[in-house]
Amino acid sequence: MRVIVCEDYNELSLKAAKILASQVTIKPDSVLGLATGSTPEGMYANLAQMNKDGEVDFSDVTTFNLDEYYPIADENDQSYHYFMNKHLFSKVNINPENINLLSGTTQSPDEECAAYDKKIKNAGGIDLQVLGIGKNGHIGFNEPEANLNAKTHLTALTQSTIKANSRFFENESDVPTHALTMGIRSILLSRKIILLASGAGKHKVVKELLEGGINTHIPATMLKVHRDVTLICDKAAYYGMKLGVDIGGTEIKFGVLNDENEIIYKESKPTPKSITGNEFAKFISDACLDIAGKMPISTLGVGTPGIISNGLVSSVNLPLDNFPLAQTLEESTHIPTTVCNDATCAALGESLLGCKSKNLLLLTLGTGIGGGIIADGKIYEGCGSAGEIGHFCIEYDGRPCPCGLKGCFEQYASVSALIADAEATAKAHPESILGKKLEQNGFLNGLTFFDALDEGCPFAKEVFERYTDYLAAGINSLKNIFDPEIIVLSGGISAVGDVLTHALSQKVNSDIPIKTSILQNDAGIIGAASL
Ligand code: PGA
């Protein structure tokens, strides 16, 4: 299979039109196999213009279209009769008698299909067949199945095709459930084939087509047995540039990874406040579209705080309450989108490019405690929200947690818990280094606390001992449950590095390595981009 990678859709459309025009110029009575769908529209527009400009003559050309919905009337504006007339036939000097489409109104589909194959044969076979490719790998309406039909036939459409094509109809329920289509053999009998693929949405299937073997579950792979197939695609369909978005309470980070998993672009924006879920999603999709305008993005992955259940995101610190974030972003960007918990994304990022371990547990220590579990190189999500390790019980009937439970791990081992203890201790000992820092600033934070510890404050040391006791107790339980190869600490506090990991290593009763995040701020975008 030859591959031509075009800069964009316009170049793809022009290139495809020129190939068709050359075919017709070399053999004026060519038999063309034509396709419908949004991809070839630009090619047809170019051909219409070339015909108008006298650059290509269709008067002796014969055409056979790949497929037609069934049942559907020719005049229905969703029929492929209507489509072809609108985009090509009414605009070029083709002889209407030489136009062939399967009839969507036939009473006997089997006879119609057999007669169609015969007619193609009698016309001398197809010289050049144009194909699009479905996201599910279909060509024509040859849907993924264990057995593909060789000849032209009546077929049921898969749910994914019905969904994909529903964009042309008012409702999904209006999409016909069946179609007549040339079969795989009918297509492969063509002398030359050009396969068109455009846009990020086609990247996955293009990659599967180019890298995978021949199989009926991606019917387009059957084209690999043909000796003259040219795939013409644009950069968005061909290159695997992945956009990762890491949503935080104060900023949203965006990063693009190339095929080698290197970050080739990064930016961040303040997290917008006081807006609705839809406005929030629009803010993100606008930023993504902006980036996609600068480079060919094939997939979008988003890490968000909160719980994700059945594709719906709920996050107390964001305007998301049972919000279909992935679906909304995918609809507005047209880039295949996956959404996952932010700590899980950070864990995936660390697993792939940071600590590089396939069995890893990541704890984000901050206002609360988040967690991400990577098992055998894959995210472990349970039914959707596994990894909420801030909320396992570390003390029965202990401190109340906003989640409604008592004694949650994060009430003892988060940075907020550390600072609360440090402030209470500083108030009780105002003359200590810690007490003075509280007095000077009016509050304590991670920085001032660790400064006090560094300066040898015995009370800061006491607080630190208590804190690491709890953190180590939690880590011991987590180690027993998950038995990871490595435990990674992330979040602002992990920047203190050795002081923390050394203390924990002494208190954890196993020799499991406890490391701070290597990727730090980039872990989330790398993980999100790699979803
Ligand atoms: P599309 O359809 O060009 O509208 O993406 C291609 C196909 O389903 O074959």
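**Close-up 1. The open sheet of five strands in the predicted model.** In this predicted model, five strands form an open sheet in the order E21-E20-E19-E22-E23, and their pairing is mixed. Strand E21 (378–379) and strand E23 are the edge strands, each of them pairing on one side only. Within the sheet, strand E19 (residues 360–365) and strand E20 (residues 369–375) run antiparallel and are joined by six bridges, and Leu363 is found opposite Gly371 in E20. Helix H11 (residues 342–353) lies across E19, E20, E21 and strand E22 (486–490), and this helix runs at about 45 degrees to E20.

**Close-up 2. The largest nonpolar core and the surroundings of Leu20.** The largest nonpolar core has 68 residues, of which Leu20, Leu34, Met43 and Leu47 touch the most other members. Helix H1 (residues 9–26) gives the most to this core, contributing six residues. When neighbours within four places in sequence are left aside, Leu20 is in contact with Leu32, Leu34, Met43, Leu47, Leu128, Val130 and Ile194. Another core, lying apart from the largest one, has 39 residues, and these include Leu365, Val415, Leu489 and Ala503. Such groupings agree with a broader tendency: in soluble globular proteins, nonpolar side chains tend to be buried together.

**Close-up 3. The salt bridge between Arg191 and Asp127.** Arg191 and Asp127 form a salt bridge in which the closest N and O atoms are 2.6 Å apart. Because Arg191 lies in the loop between helix H6 (184–188) and strand E9 (192–197), while Asp127 lies in the loop between helix H4 (109–122) and strand E6 (128–132), the pair ties together parts that are 64 residues apart in sequence. As for the surroundings of the two partners, Arg191 counts as partly exposed at 44% relative accessibility, whereas Asp127, with a relative accessible area of 5%, is buried.

**Close-up 4. The salt bridge between Glu211 and Lys207 in helix H7.** The side chains of Glu211 and Lys207 meet in a salt bridge, with an N to O distance of 3.3 Å. Both residues belong to helix H7 (residues 203–211), and because they are four residues apart in this helix, about one helical turn separates them. Glu211 is exposed, its relative accessible area being 60%, whereas Lys207 is partly exposed, with a relative accessible area of 39%.

**Close-up 5. The salt bridge between Asp522 and Lys266, and a network of charged side chains.** A salt bridge brings together the side chains of Asp522 and Lys266, at 2.9 Å from N to O. Asp522 lies in the loop between strand E23 (514–516) and helix H18 (523–529), and Lys266 lies in strand E13 (residues 263–270), so the pair ties together parts that are 256 residues apart in sequence. Asp522 counts as buried at 19% relative accessibility, since the cut-off for buried is under 20%, whereas Lys266, at 48%, counts as partly exposed. Elsewhere, Lys461, Glu465, Asp469 and Lys507 are joined into one network by salt bridges that share partners. The count for the model comes to 19 salt bridges.

**Close-up 6. Ser166 in the loop between helix H5 and strand E8.** Ser166 is placed in the loop that lies between helix H5 (159–165) and strand E8 (178–181). At 15% relative accessibility, Ser166 counts as buried, and, leaving aside its neighbours within four places in sequence, Ser166 is in contact with Glu172 and Val175.

Methods: Residues are numbered from 1 along each chain as its sequence is written. This is a predicted model: local features need pLDDT of at least 70, side-chain atom pairs count only at pLDDT 80 or more; totals for chains, interfaces and linings use all residues. Side-chain values use heavy atoms; hydrogens and water are left out. A salt bridge is a side-chain nitrogen of Lys or Arg within 4 Å of a carboxyl oxygen of Asp or Glu. Helices (H or I, at least four residues) and strands (E, at least two) are DSSP runs, numbered from the N terminus. Buried means under 20% relative accessible area, exposed over 50%, partly exposed in between (1.4 Å probe, protein chains only). A nonpolar core is a set of buried Ala, Val, Leu, Ile, Met, Phe, Trp, Tyr and Cys residues joined through side-chain atoms within 4.5 Å. Contact means heavy atoms within 4.5 Å. Two strands pair if DSSP finds at least two bridges between them. Axes are lines fitted to C-alpha atoms, for helices over the stretch in contact, and angles run from 0 to 180 degrees between N-to-C directions.
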